[in-house]
Structure formats: structure tokens, C-alpha cells
Amino acid sequence: MLHGRTAKFGSQISGAAALYAGYQFTPVAGIRFGFTGWENRSAASIHALPNGTDGKDNVYRWNYLGLNLDATIDLANWFGGFNHKRTVNPYIFAGVGLNEAFNNDQLVELSRNMSRDAADENGTPYYDMDKTLWEGPELFVALRMGAGVDFRLSDRVLLGLELNTNMLSDAYDSRRHSSRVDWQMNALASLRIRLAKNHTNSGGAAMANAPVTSPVTEPAPEPEPAPAPAPKPAPAPAPKPAPQPEVQPAVTPAPAPVEKKEPAPVKKTEPAPAPKASMHTDIFFTIGSANASPAESAKIDKLAKFLKEHPKAKVSVTGYGDAATGSARRNMVVSRMRADNVAAALRRAGIENDRIKVDAKGATVQPYSPVEKNRVAICVAEE
């Protein structure tokens, strides 16, 4: 172990390289696995060395190779909703690592050349090699955390900047510190390549321009005309009188009575009741988003026009989320936001609040197949 004043910060800067592969479970949460390594530097001011380096900053180097496992959180998608065209995406992460340190030859040689009588101005000996100085390869567990930002160049390529820190054992640089922790800090610039798209085209896009048809009211059938009354039968001709003796007067029989028929009553036909007006509209959203696109907003405007033309109609707005992405809690939150945003747009268009009913189902109900169509707010308006 070497005691002494820590040297200037600039003399401890060294190179580092990293290679990571990761997977995004949701628009917010992901995981990554990586390799890091190259070189570390440290320095100490050592007094009373036989080689005449009394009071000089002695810089020494060693190499390391690290394996890291980190959990990542996308802050932009967490607070602003998913948007695959966003240019700037900040993130944070935390994880664990395992560092193998090796090639500590410079410090080992420096320690061997040190006089066992060397001490600082307080009499503290510098030479105590048996406690923290290591010679061969050593393994050290690291706790990691950091933050970074990705700049979108295209759907597949991003440029990243990251700052991270690793907390390791006090023996990592072979020197004792008052904090009992060695801090390894890294500043990295990266080029990130997506191997697959982070979004899919929703089936709702194809339906966005489909015309919304208003209900057609069929005219009531006209009543059938009443049958004409039967014509009255013509009176039967009187029979010729039979020949009678001249002394007897001719007898003329009375005409047969004519039976009068009453006309059949006219059956009145009641007009059929007019059907109630109704309208069904689906407002589709992109993955993780509750903001309607211009094409979907136009459908909300048509719904508001229908409600204005039918002042007795009311509308129910129910939000949904697709079961293929996100947690149950996240889908419930997003589905509620989708329904609330559609209701807010109707209110801005002049529809009274008491005519709007809002509900959310999350991913507990999947009304459509495929699942992408369940990123939707279903609106049903009827009188």
C-alpha cells in the first residue's frame, strides 16, 4: 500500500472503450450487456525514494477488462410518451459489473524500490505492500450508474454521449483512501445501431381516410288506397203482365227490393317510426402515445359535427391499449389518456360535458385483431 498525496486529476485520465448489446422491453424500460476495458492510471507523491524522486508525482498504469449488466430507463418516453421520430432521447441506468485488473508492473516495481524507512511529514510509513498492493490479475465487483443522451440521425442510427461511474474496492488502485472506495469515472461517445424497428405501422392508419357514413333514414311506406265501394245492382225488369179477361184489370207486381251494401271501412296504416340516428368512430394512436394524428383529429371533428346536428345524441368514449407492449399498469394509464384526449377535443369543439361519457379498459379487453388496432379510443354516439 502506498500512502501519499493524490496527484493532479489530469495525470489520472486514460483511454477506455466499450461494446454493448441491448433489448428494449417497452418504450421506457430496457436492459443491456457490455464489455468495457483498456487502461487505468493513478498517481501519488512519494517521499524519500532511493532513486531521487523525492516529492515527485509517480504515475503508474494498469489494464482492465469489465463485464457489465445495466437496466436502462428512457426519460423522454417516460415523461413525453413514445415518439419514434424524437431527435433527443435522454436516459439513465444502473447496474453491476465485474472488472479484472492486470499488468500492475509499474506500481510493483515502484514499491520494491521504496525504502522501508520512507515516511511522510507525520511519520506515516509509505511501504505496507502486503495489504492493498496486488501483483497478478485481480477481480473486483463494481456498482454502476450513469446518464446519457442519444441523438437520432435516422430510424436505425443514433449518436450517443454518456457519463458513468463505477464504485470498486479500495484496493483497485493499490492505494488506501479515506472513503474506502475507488471511483472509476468514464465519459463515452458512441454510435448506436438499431437492428430492428422500434415501432410498427398501426392498422388504424389505413382506416384513417375511410369515409364516415351517416345513417340513412328510410321513408315510411305510403298507406294502401281503400277499395272502392261495390256498385249498386241494377233493378230487375218488371215482368210482363199475364193476359187477363177484359173484364178484369191487369195486376202489376211490385218491384223486388234492392239490397244496399255498405262500403268496406278504410284501414288506416300507421307510419313506421323513424330510426334513431347513431355513429361509430375509431380513433387510432401510435404505440405508447395518446396524441391523435391530424388524420385521426379530422375524424373527431366529424363526430363533433354529428353531435351538433343531433342535439339529443350522447357519446361514449372508451380507451384501449394493446397487450403486446407495455405493462398492464402502463396500458391502463395510456388508454385513460387516449379517452380523455378525445373527450377534451370534443369539448373544445363545443360539445357539452354532460353528453360525453369516458371509460378506459387498458389491455384487459382486445376488441380488434391484430393487436396493433387496439391502440384505439372507440366512440359510439346515439340518440
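**Figure 1. Proline 370 sits in the loop between strand S11 (356-360) and S12.** The model shown is predicted. Proline 370 follows serine 369, and the peptide bond from serine 369 to proline 370 is cis. Its omega is near 10 degrees. Most peptide bonds are trans. Strand S12 spans 376-382 and gives two or more residues to the largest nonpolar core, the topic of Figure 3.

**Figure 2. Helices H5 and H6 pack obliquely.** Two packed helices are described by the angle between their axes and the distance between the axes. H5 covers residues 294-309 and H6 covers residues 328-348. Their axes come within 10 Å. They cross at roughly 55 degrees, which means that H5 is oblique to H6. The crossing of the two helices is right-handed. On the H5 side, the contact is made by Ile300, Leu303 and Ala304. On the H6 side, Val342, Ala345 and Leu346 meet them. By class, this contact of H5 with H6 holds 6 nonpolar residues, no polar residues and no charged residues.

**Figure 3. The largest nonpolar core has 22 residues.** Which members touch the most other members? They are Leu303, Leu307, Val315, Val317, Val342 and Leu346. The elements giving two or more residues to this core are strand S9 (278-284), H5, strand S10 (314-319), H6 and strand S12 (376-382). A second core, separate from this one, has 14 residues. Among them are Tyr60, Trp62, Val108 and Trp134.

**Figure 4. A close-up of leucine 303 shows its contacts beyond its sequence neighbours.** Residues up to four places away in sequence are not counted here. Leucine 303 touches Met279, Thr281 and Val315. Leucine 303 also touches Leu346, Cys379 and Ala381. Leu303 is one of the H5 residues in the contact with H6.

**Figure 5. Tryptophan 38 has a positive phi within strand S3.** Strand S3 runs over residues 29-46. Phi of tryptophan 38 is near 150 degrees. Most residues other than glycine have a negative phi. Is the residue buried or exposed? Tryptophan 38 is exposed, with a relative accessible area of 54%.

**Figure 6. Asparagine 103 has a positive phi in a loop.** The loop lies between strand S5 (88-102) and helix H2 (105-112). Phi of asparagine 103 is near 60 degrees, and the residue is not glycine. Asparagine 103 is partly exposed, with a relative accessible area of 42%.

Key:
Residues numbered from 1 in each chain as written. Predicted model: local features only at pLDDT ≥ 70, side-chain atom pairs only at ≥ 80, totals over all residues. Heavy atoms only, no water. Axes fitted to C-alpha atoms, helices over the stretch in contact; angles between N-to-C directions. Helix = DSSP H or I, 4+ residues; strand = E, 2+ residues; numbered from the N terminus. Parallel < 35°, antiparallel > 145°, perpendicular 65-115°, else oblique. Left-handed = near helix turned anticlockwise from the far one by under 90°. Contact = heavy atoms within 4.5 Å. Nonpolar A, V, L, I, M, F, W, Y, C, P; charged D, E, K, R; others polar. Core = buried A, V, L, I, M, F, W, Y, C linked by side-chain atoms within 4.5 Å. Buried < 20%, exposed > 50% of the residue type's maximum accessible area, 1.4 Å probe, protein only.
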